[in-house]
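This report looks at where nonpolar residues sit in the structure below, inside and at the surface. It then turns to one helix and the residue that follows.

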Amino acid sequence: MTTLHAEQATDKLPHEPEKATLEGRNKIMGFWLFLAGEAVLFGTLFATFLTLRNQVADGPSASELFSLPITAVATLILLVSSLTSVFAIQAMHRANKKSLLTWLTVTVVLGLGFLCLEIYEFYEYVTHYGYGMTTSAFSSSFYTLVGFHGAHVIFGICWISLLIFQVAKKGLTVVTAPKVYVSAMYWHFVDVVWVFVFTVVYLLGKVVG
């Protein structure tokens, strides 16, 4: 792939610019392998949480602690952000740089909204319930699992934000397109993990906690 081809104008991009080069295809394949490792890691955290979920010591149980309205709103926000990232990829396939940047920005804003709700949730648990990381085995596993997911959200927000500036500066090319595509893959993965968190941690906690 020559430099000229790598820096071709946006209006001359192929329909799927993320797969137009061998480097782009290799990035996508490599990222699938990375996500497989992440899935194993989260699976371990879920298994640990399920093992320790009833070890509440003197702290509140899941049914006493969790507030489903807050987490339901957070879930809705994150699912919508997954949809906006799809719109961003569709805009990229249409070689519409302006629309791509708009939808990526909306995705970041929604991610920040989710993160604010999660921080507020943790703040409420600590200040109103005195429910900290070391309160019980259950609290340790809860904060580790949900906090680890939150760290992934922070990373995704930073990553997509940097890509917004990069695409705005360098344009939409066969070099920047694979980066945008794998960031969307990552964001979908984060969203899917949260669906499991919401189901296993919050819904199960309220029903049988």
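## Nonpolar surface and core

Helix H7 is the element that gives the most to a nonpolar patch on the surface, supplying three residues. The model is a predicted one. The patch is formed by Leu50, Leu204, Val207 and Val208, and together these residues have about 340 Å² of accessible area. Leu50 belongs to helix H2. With a relative accessible area of 42%, Leu50 counts as partly exposed, because that class lies between the 20% limit for buried and the 50% limit for exposed.

In soluble globular proteins, nonpolar side chains tend to be buried together. Here the largest nonpolar core holds 58 residues, and Phe66, Leu100, Tyr125, Phe142 and Tyr202 have the most contacts inside it. The helices that each supply at least two residues of this core are listed in the table.

| Helix | Residues |
|---|---|
| H2 | 22-52 |
| H3 | 62-65 |
| H4 | 68-93 |
| H5 | 97-129 |
| H6 | 137-170 |
| H7 | 176-208 |

H7 contributes the largest share of the core, 16 residues. Which residues does Phe66 contact, leaving aside neighbours within four places in sequence? They are Tyr125, Phe138, Phe142, Val201, Tyr202 and Lys206.

Helix H6 has 34 residues. From its first C-alpha to its last, H6 reaches 49 Å, close to the 50 Å expected at 1.5 Å a residue. Gly171, just after H6, takes a positive phi of about 90 degrees.

How values were computed
Residues are numbered from 1 along each chain as its sequence is written. This is a predicted model: local features need pLDDT of at least 70, side-chain atom pairs count only at pLDDT 80 or more; totals for chains, interfaces and linings use all residues. Side-chain values use heavy atoms; hydrogens and water are left out. A nonpolar core is a set of buried Ala, Val, Leu, Ile, Met, Phe, Trp, Tyr and Cys residues joined through side-chain atoms within 4.5 Å. Buried means under 20% relative accessible area, exposed over 50%, partly exposed in between (1.4 Å probe, protein chains only). Helices (H or I, at least four residues) and strands (E, at least two) are DSSP runs, numbered from the N terminus. Contact means heavy atoms within 4.5 Å. Patches are made of residues with over 30% relative accessible area and no salt bridge: like charges are joined within 9 Å, nonpolar side chains (Val, Leu, Ile, Met, Phe, Trp, Tyr) within 5 Å. Accessible areas come from the Shrake-Rupley method with a 1.4 Å probe; for residues, only the protein chains shown count as cover. A salt bridge is a side-chain nitrogen of Lys or Arg within 4 Å of a carboxyl oxygen of Asp or Glu. The expected span of a helix is 1.5 Å times one less than its number of residues.
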